[in-house]
Amino acid sequence: MPVIRSGRRLARAAGLSIVLATLPLGPLPALAREMPETAAGQAARKPNVVILATGGTIAGAGADAANSATYQAAKVPVDKLIAAVPAIGNVANVRGEQVFQIASESFTDAQLVQLAKRVSALLKQDDVDGVVVTHGTDTLEETALFLDLVVKSDKPIVVVGSMRPSTALSADGALNLLDAVTVAGSKEAVGKGVMVTMNDQIQAGRDVTKRVNVVPSAFSSQWGPLGMVVEGKTYFFRSSVKRHGKSSEFDIDQIDSLPLVAIVYGSGNMFPGAYTAAVEAGAKAIVNAGTGNGSVAGYLVDTLKDLRSKGTLIVRSSRVGDGIVLRNAEQPDDKYDWVVAHDLNPQKAKILTAVALTKTNDTKELQRIFWEY
Ligand SMILES: NC(=O)C[C@H](N)C(=O)O
């Protein structure tokens, strides 16, 4: 509309009141947008992002700036986290809720369910555009996958943590949090599934895993990041083809608890009691974090076959972490009625198994779920 454009130039050059008098009625609303914006107008234009804080190192505090590994996690409340990063106010209207204040290694399934229900409820609100979950990094990858599977929304969900407490030299939490809010409020992030912003990168919550225990570049994925956040702008280069969010068949509104799933870590010189004790403790499924291709020691095969025949689900994953575990490679899964975890590492396979078991314990269905999610 050329009239509007010339009107804008005139408005800037000559002052709004003169231009108003010389233009026809049509362009008035466009000119109104050129007037200096009020604070309320600016706030209305920015996305609304809710930050759900759960603790972790991002809320940690150490005694000294040299303490990057010795500190106490889960100390700083959410309002202080937000106040420490004033730039957040430039990208979104944020408000915080303290859901838990724990280190992420202490997360239980009950807390996972509670958190996901809160995320789901918030994203149903018209006045919420995205949610950020601040989280410890140790089990961040499990929570990210869980939310990816069970929150039926396309609005952005970003899980974020830090490797260093805010009191440490080169603390990484402030930028990670700013990036998380930026992604949660960005239109490009809609429909991309749960994301994780660490170390300037945007990772898929499904794929990302913590690979190093002490540096800000701790998180990566064998399939690569989705993109980056640079100077407050999101750049996406790929997206996951796996089912998540709205296209998921799982819905946290229908899930109130998760069945117990155990992981048994593979090595040389194993013993059957590691598996049978898990079942005695109530495990409905065992993820075998097997060696190599998810292999099982010959002297353990009868134990696992026996547990399967009595109803325990056996899922073969690999302690290697990367790669994919194929059906009937290493072990005859069809014959033993076992399931393979595809590309999911043991801790992620545990989450998908627990979620899948809320709907079915049919092994064909479970295997389909492992291919699709
Ligand atoms: N960097 C961290 O957040 C580690 C901490 N143990 C946690 O997961 O809560």
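This is a short dialogue on reading a sheet, a buried threonine and a ligand site in a predicted model.

Me: Let's start with the sheet. How many strands does it have, and in what order?

Reply: The general idea: strands of a sheet pair through backbone hydrogen bonds, either parallel or antiparallel. Here you have an open sheet of eight strands, running β2-β1-β3-β4-β5-β6-β9-β10 with mixed pairing.

Me: Which strands stand at the edges?

Reply: Look for strands with a single partner. In this sheet those are β2 (93-102) and β10 (233-236), so one side of each has no neighbour in the sheet. From one strand to the next, the twist averages 25 degrees.

Me: Can we zoom in on one pair? How do β3 and β4 run, and how many bridges join them?

Reply: They run parallel, with four bridges between β3 (residues 130-134) and β4 (residues 157-160). To get your bearings, take Val-131, whose bridge partner in β4 is Ile-157.

Me: And which strands do helices α7 and α8 touch?

Reply: Helix α7 (residues 109-123) packs on the sheet and touches β1 (48-55), β2, β3 and β4; its direction is at about 165 degrees to that of β2. Helix α8 (residues 140-150) also packs on the sheet, where it touches β3, β4 and β5 (195-198), and its direction makes about 170 degrees with that of β4.

Me: Now Thr-137. Is this residue buried or exposed?

Reply: Check the relative accessible area: under 20% counts as buried. Thr-137 comes out at 4%, so call it buried. You'll find Thr-137 in the loop between β3 and α8.

Me: What is Thr-137 in contact with, beyond its neighbours within four places in sequence?

Reply: Its contacts there are Ser-104, Gly-161, Ser-162, Met-163, Met-198, Lys-210 and Phe-219. With Lys-210 there's a side-chain polar contact of 2.8 Å.

Me: Which residues are around the ligand?

Reply: Thr-137 turns up again, along with Gly-56, Thr-57, Tyr-71, Ala-103, Ser-104, Glu-105, Gly-136, Asp-138 and Ser-162.

Me: Which atoms of the ligand do the side chains of Thr-57, Ser-104 and Asp-138 approach?

Reply: Go atom by atom. A side-chain N or O atom of Thr-57 is 2.8 Å from an oxygen of the ligand. For Ser-104, a polar side-chain atom sits 2.5 Å from a ligand oxygen. Asp-138 has a polar side-chain atom 2.9 Å from a nitrogen of the ligand.

Me: Last one: what does the UniProt record say about residues 261-370?

Reply: The unreviewed entry annotates them as "domain: Asparaginase/glutaminase C-terminal". In the model, that span is 37% helix and 17% strand, and its end C-alpha atoms lie 15 Å apart.

Key. Residues numbered from 1 in each chain as written. Predicted model: local features only at pLDDT ≥ 70, side-chain atom pairs only at ≥ 80, totals over all residues. Heavy atoms only, no water. UniProt positions renumbered as here; feature names shortened; annotations may be inferred. Helix = DSSP H or I, 4+ residues; strand = E, 2+ residues; numbered from the N terminus. Pairing = 2+ DSSP bridges. Axes fitted to C-alpha atoms, helices over the stretch in contact; angles between N-to-C directions. Contact = heavy atoms within 4.5 Å. Buried < 20%, exposed > 50% of the residue type's maximum accessible area, 1.4 Å probe, protein only. Polar contact = N/O pair within 3.5 Å; in protein donor to acceptor, adjacent residues only side chain to side chain. Near = heavy atom within 4 Å.
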